[in-house]
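Here is a short round of questions for a first look at this structure. Keep the view open as you read.

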Amino acid sequence: MLAEIGLAALMLAFASALLAVGSAVYAARSGQTRWLVSARNAAVATFPLLTVSVAALLAALLTQQYTIRYVWSVTDTSTPMLYRFTALWGSQAGSILFWTWLMSLFAFSAILINWRRYPRLMPGVIAYTMATTTFFIGLSLFLENPFDRWWLDPVTGEIIGASLIPPGMILPPMQVLAEQSRGLNPLLRHFGMIIHPPMLYLGFVGFVIPFAFAMAAMTSRDLSTGWIVATRRWSLIAWLFLSLGLILGGRWAYDVLGWGGYWGWDPVENAAFLPWLLGTAFIHSVMIQEKRGMLKVWNLVLVISTFSMVMFATFATRSGLIDSVHAFARSEVGVPMFLFWATITGVSSYLILIRRREGLLRDDHPFTNILSRETLFVLNNVVFVALALAIFWGSFGAPITSELVTGTEVTIGTQYYHLVTPPLFLLMYLLMGIAPLSAYGMTSLRRMGMGIQYPAAATLVVLALIFMTGTRGLGAFLGYGFTFLAGFVAIWEILRAAQARVRSKGESPIVAVLALFRRNRRRYGGYIVHLGVTVIGIGVIGSTLFQDHTENLLRVGESLTLQDYSIRYDGITLATADDTRQMTIADVTVLRDGQEITRLRPRIDDFNGMAMTIAGQHSTLENDVYILLNNYVESDNTVRLWLYINPLVNLIWWGGLILIVGTLLGGWSGEESAPLTPKPSSSQAKQDPFDMVKSPARPFEGERDLGAEGS
Amino acid sequence: MAQATWEKSTNARAALARGQKSERIKFLIGGVLLLGVVLYLVFSGTLLGARYFITIDEVLKDAQYAGQTVRVTGVVLGETINIDDESQQTIITFTVASFPQDHPNLAEALYIGANDPNATQMQVRVVGQPKPELLRQEAQAIMTGKLDANGVFVIDELNFKCPSRFEADAPVMGQQDHPGMELSGNAG
């Protein structure tokens, strides 16, 4: 029954989303409000319908309905309840449905929230969000249907999967299915997997809203700052989730994959990082358009590239294009996804060119000074885009090009990223440090020098302290120097503004700081984000450049020493967990300078022959003592232990938390004020193949009434 | 007076235009420099990190790859896995076999490769790395390294295609397990 409910809801959602697209396009062409209202209602209905579909699949997973092929393939009778829940996104079919549902949630919220304020953009927003949603529902329905069931041919005994009952077939006995059910990949049985994929998916699908608004602005020719203002918060939400997804992914890899690292420059990791880089460039450059009316073409390029990269990453991960520990198996969704990605990228690029040629994207001001804030923001953007292009080339460009040109695939190893990315990240931190000190229009070197003197002095003091700890190496000092400078500038800017309030208004320092955040959350929230990125940077530098490790075979009572730490092997424990996995647990005592500091239990979990190494970790802000049990020889009770010292690695996770707080502060800003649709220019009368607005010079019929129709 | 104002305004406009031109030149020079640096980094990085992704047959038989660091894939033969735990560093040796690269079902391709007596085989050696969790019979190994003088492939970097789960094509009536399995799923 659950399969029928889920499938019916999915089909209705497909029809509803398709109807929304058609109605929105017709509304734009005819200018008739009733069609726009129909489009909205159909679009809004898609989300609850998909919710029913997702709930049906979830209920099937939780109640062990093994007649459903997806449930059979990702759970088994011993799967704990928690992982039955996470199995919803544990494999291709379920995760596409889950992804589509999240996208419909974003579309639902964005349409309802912005309905009254941006009537002229609404046809485009509905059309583009729903076209994307329709595409993904289509994938779910026609290629990766999570509601396919097993059917038994009673004559031949053959079992096949199909969504509708094949003639003459019956449901196989549940017991047979339960016995042969496959269970969830052990690597996915981790707390990180509960939140990492949803966060990443929210980040990915969230960018559909800025993309849809940008496309709506271009198709309606309403290229005022309205679409920028409307999408600011949506961009931040998507960016926040994507940041969280990346950080949690790193943490999951660190805890589960058993290699002492958190980022391996794997193509799938890179694919998720690319939209983050472009999205970060966008949320910076958009400020310049808001304040100065500049970078209009650039912002469109960035927002469209970000979404295009989201689609490319999805295609690359789900099509089997790349070999990666994170990739899905080869699937039929590859070709349609590639075509969809190519279409949206091509159409949106063409629209930008057309609108630029029409003169609708002229900047209000030219660049006047190389030290102005707008120039430094552009430089910052160039660095982000250069990073994105370089990483794209290494992950996808070089392998695909080489195979097309020479017939032999050339892959790019981690050495490439270790050479190319550090200078660009250093430049990024340097710009993060000096850009906040600049002013719009023009900044004198003297003014910048005065602004930077205290943060620079603080940075030098910290570098001297680091030197005194015995740290050496030009790379480390450049890295620490630029990251600390960026952080101190952020702190200095907050302190300087608070000090001015203390002087002028006689407030206490704490009240002054709170008042700053209340009055300009966006700016000061941004500084907190910079602080978070600084802390992450310090963690990355420390853990990358100064990670140390050793290994050895140990008998009971023997020790392994690294730096001022030693670990003693005390014995082994063999146990069976509730979910039937066999656990081999090493009991280890950690000592520092001969003094016991903790006891750890690194272990190997064996899921029917598939092993998973769970590290023992002693975490402090200074470092992680990270121990892997790599092998246990039962005959002589020996273990091979690997001991890693990962300096400052925990700053990465703490920096992530600071970044979240800063983004929430900045995104919570109530400063935005959106203009109601401004008068379009005379050039808008020109038509083109992508023009959905028949008579854009006049307001949408009943535009003023949309509020009454709205929520 | 009127003439003086006009002259002043013309001079100011000319000065502004000169200033803008000079800034434009600065932007241009800066942009070209930055582009040059990025292109240089990408070019050098590509030369440093580029590895041919070739088959076992190619690495063993094609002279152009001799002594070069290359990336090779093969299927692990489980019974050949040997872990030398007595040394200071872990030394892992095993044999990989070639398998049909264009087969639509990876699991079946790996099964064929592992059980084909005519498949080309290559011994590999990896030193100083933790024993990979996924090293076992019929796993797909993706290896970066060089062929040494003894015909052993010495690995710098070793990965395995993630067997996220054993996904049989379909359950079978009256059978507990199924030999055909597919490596698929998502770990990220």
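Q: Where in chain A does A:Ile165 lie?
A: The model is predicted. In it, A:Ile165 sits in the loop between β2 (159–162) and α7 (174–180) of chain A.

Q: Why is A:Ile165 called buried or exposed?
A: Count the other C-beta atoms within 10 Å: A:Ile165 has 11. A residue with 12 or fewer is exposed. A:Ile165 is therefore exposed.

Q: What separates the C-alpha atoms of A:Ile165 and A:Val54?
A: The distance is 21 Å. Along the chain, the two are 111 residues apart.

Q: How do you know which way α19(A) and α20(A) run relative to each other?
A: Helix α19 (residues 521–545) and helix α20 (residues 650–667) of chain A cross at roughly 170 degrees. Angles over 145 count as roughly antiparallel. So α19(A) and α20(A) are roughly antiparallel to each other. Their contact has 15 nonpolar, 10 polar and two charged residues. The axes come within 7 Å.

Q: What makes α5(A) and α8(A) oblique to each other?
A: Helix α5 (residues 92–114) and helix α8 (residues 191–206) of chain A pack at an angle of about 50 degrees. Under 35 would be roughly parallel, and 65 to 115 roughly perpendicular. The angle fits neither range, so the two helices are oblique. Their axes are 9 Å apart.

Q: Which hand does the crossing of α5(A) and α8(A) have?
A: The crossing is right-handed. Residues in the contact include A:Phe98 and A:Trp99 of α5(A), and A:Tyr201 and A:Leu202 of α8(A). By class, the contact has nine nonpolar residues, two polar and no charged.

Methods: Residues are numbered from 1 along each chain as its sequence is written. Chains are lettered from A and ligands numbered from 1 in the order in which they are written. This is a predicted model: local features need pLDDT of at least 70, side-chain atom pairs count only at pLDDT 80 or more; totals for chains, interfaces and linings use all residues. Axes are lines fitted to C-alpha atoms, for helices over the stretch in contact, and angles run from 0 to 180 degrees between N-to-C directions. Helices (H or I, at least four residues) and strands (E, at least two) are DSSP runs, numbered from the N terminus. Ala, Val, Leu, Ile, Met, Phe, Trp, Tyr, Cys and Pro count as nonpolar, Asp, Glu, Lys and Arg as charged, and the others, Gly among them, as polar. A residue is buried if 20 or more other C-beta atoms lie within 10 Å of its own, exposed if 12 or fewer, and partly exposed in between; C-beta atoms are placed from the backbone. A crossing is left-handed if the near helix is turned anticlockwise from the far one by less than a right angle, and right-handed if clockwise. Two residues are in contact if their C-beta atoms, placed from the backbone, lie within 7 Å.
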